[in-house]
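Thank you all for coming. Please have the sequence and the model open while I talk, and stop me whenever a term is unclear.

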Amino acid sequence: MQLNHPSQAPIGLMSAMHEELALLLQAMPDEQRVRLGGRDFWLGHWQGRPVVAVLSRIGKVAAATTATALIERFGVDRIVFTGVAGGIGDAVRVGDVVLADAFVQHDMDASPLFARHEVPLYGRSRFATDPALSRELAGAAQQVLATVAAHVGEVAVNQFGLQAPRLHTGLVASGDRFVSTSAESRALQQALPEALAVEMEGAAVAQVCADYGLPFAALRTISDRADDDAHADFSRFIQEVASRYSLAMLSAWLKNAG
Ligand code: SAH
């Protein structure tokens, strides 16, 4: 296979759930499955680039071990996470996309020994994503959101109210809970007023990538508002909207990155 990029190291593409990555796996022409540590790693090429695509499964531990394997065993030189998240920032709506500029673990609390949310022995609570990689992904996401009907179809646009989806950049909170009550969502907003979205994996991957000095970026499509209706239409939204956004955004990114 002809590579059009000087780097031979594969790109790690990660999602939590099968539905989030299904279309990408279908699009890889030569994917080969390697099973390791209870995960399927899909090695192959996409848009002429070597990639390793993997489903982490759900939660911080699963995400951390998967990221470590991507780095240690498959030699990826960067990791891009795509998936869904609950919107908690006021202006963050279903169908919008959040690009994380940093992650925090909302359920990390070793107080009073350490400040709330601080990861013990790291001296900080926030783990930043890579600015250059994130800028590339922002461009791709803007491109897709400007032509959303072409990617998900008019029916989904009307059904899910995707008339004017927006890209937001900011803090994303991760924790081992599916936040699905308005009370919990409000508590999270109070504890972390600048957080735009909540999910269950990103902060773990960000910490592993910080440990290894590897660039990391994450795009999350908002599937719910982390409130009492969070579970409604969740799977259908991922299949009909989020997985198509992810495929289109990753595809646009790799094309733009030429
Ligand atoms: N109903 C699903 C459960 C998915 S858990 C099932 O049965 O498989 C939620 C997944 O989507 C996690 O990977 C998490 O990262 C993301 N997510 C979406 N909305 C979320 C929310 N409101 N709170 C926490 N995680 C959320």
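The lining of the largest cavity is made up of four nonpolar, two polar and two charged residues, and I should say straight away that what we are looking at is a predicted model. The residues around this cavity are Arg93, Val94, Asp96, Gly161, Leu162, Gln163, Ala164 and Pro165, and if you find them in the sequence you can sort them into those classes for yourselves. The volume of the largest cavity comes to about 40 Å³, and when the whole structure is searched, one cavity of 30 Å³ or more turns up. In general, rolling a probe the size of a water molecule over the atoms is how we see where empty space is left.

Let us turn from the cavity to the pocket. How much space lies in the largest pocket? The computed value is about 230 Å³, and among the 19 residues that line this pocket, Met17, Val84, Phe178, Met200 and Phe234 are the closest to its centre. Two or more lining residues come from each of strand S5 (79–87), strand S9 (195–199) and strand S10 (216–224). Taken by class, the lining of the largest pocket has eleven nonpolar, two polar and six charged residues.

Next come the helices. Two packed helices are described by the angle between their axes and by the distance between those axes, and I will go through three pairs in that way.

In the pair of helix H3 (residues 131–145) and helix H8 (residues 234–256), the axes come within 8 Å and cross at roughly 125°, which means that H3 is oblique to H8. The crossing of H3 with H8 is right-handed. On the H3 side the contact is made by Leu133, Glu136, Leu137, Ala140, Ala141, Gln143, Val144 and Leu145, and on the H8 side by Tyr245, Ala248, Met249, Ala252, Trp253 and Asn256. This contact between H3 and H8 consists of eleven nonpolar, two polar and one charged residues.

H8 also meets helix H1 (residues 18–27), where the two axes come within 8 Å and cross at roughly 50°, so H1 and H8 are oblique to each other as well. Is the crossing of H1 and H8 left-handed or right-handed? It is right-handed, and the residues that meet are Glu19, Glu20, Leu23, Leu24 and Ala27 from H1 with Ile238, Gln239, Ser243, Arg244, Ser246, Leu247 and Leu250 from H8. By class, the contact of H1 with H8 holds six nonpolar, three polar and three charged residues.

For the third pair, helix H2 (residues 60–72) and helix H7 (residues 202–212), the axes come within 8 Å and cross at roughly 35°, and here too H2 passes H7 in a right-handed crossing. H2 brings Lys60, Ala63, Ala64, Ala67, Thr68, Ile71 and Glu72 to the contact, while H7 brings Ala204, Val205, Val208 and Tyr212. Sorted by class, the contact of H2 with H7 has eight nonpolar, one polar and two charged residues.

Finally, please look at the backbone in the loop between strand S6 (97–105) and strand S7 (126–128), where Pro112 is found. The peptide bond leading from Ser111 to Pro112 is cis, with omega near 5°. Leu121 also has its place in the loop between S6 and S7, and although Leu121 is not a glycine, it has a positive phi of about 75°.

That is where I will stop, and I am happy to take questions.

Conventions
Residues numbered from 1 in each chain as written. Predicted model: local features only at pLDDT ≥ 70, side-chain atom pairs only at ≥ 80, totals over all residues. Heavy atoms only, no water. Axes fitted to C-alpha atoms, helices over the stretch in contact; angles between N-to-C directions. Helix = DSSP H or I, 4+ residues; strand = E, 2+ residues; numbered from the N terminus. Parallel < 35°, antiparallel > 145°, perpendicular 65-115°, else oblique. Left-handed = near helix turned anticlockwise from the far one by under 90°. Contact = heavy atoms within 4.5 Å. Nonpolar A, V, L, I, M, F, W, Y, C, P; charged D, E, K, R; others polar. 1 Å grid on protein atoms, 1.4 Å probe; cavity = no way out; pocket = protein on both sides within 12 Å on 5 of 7 lines; lining within 4 Å. Points joined across faces, edges and corners; volume = space filled by probe spheres on them.
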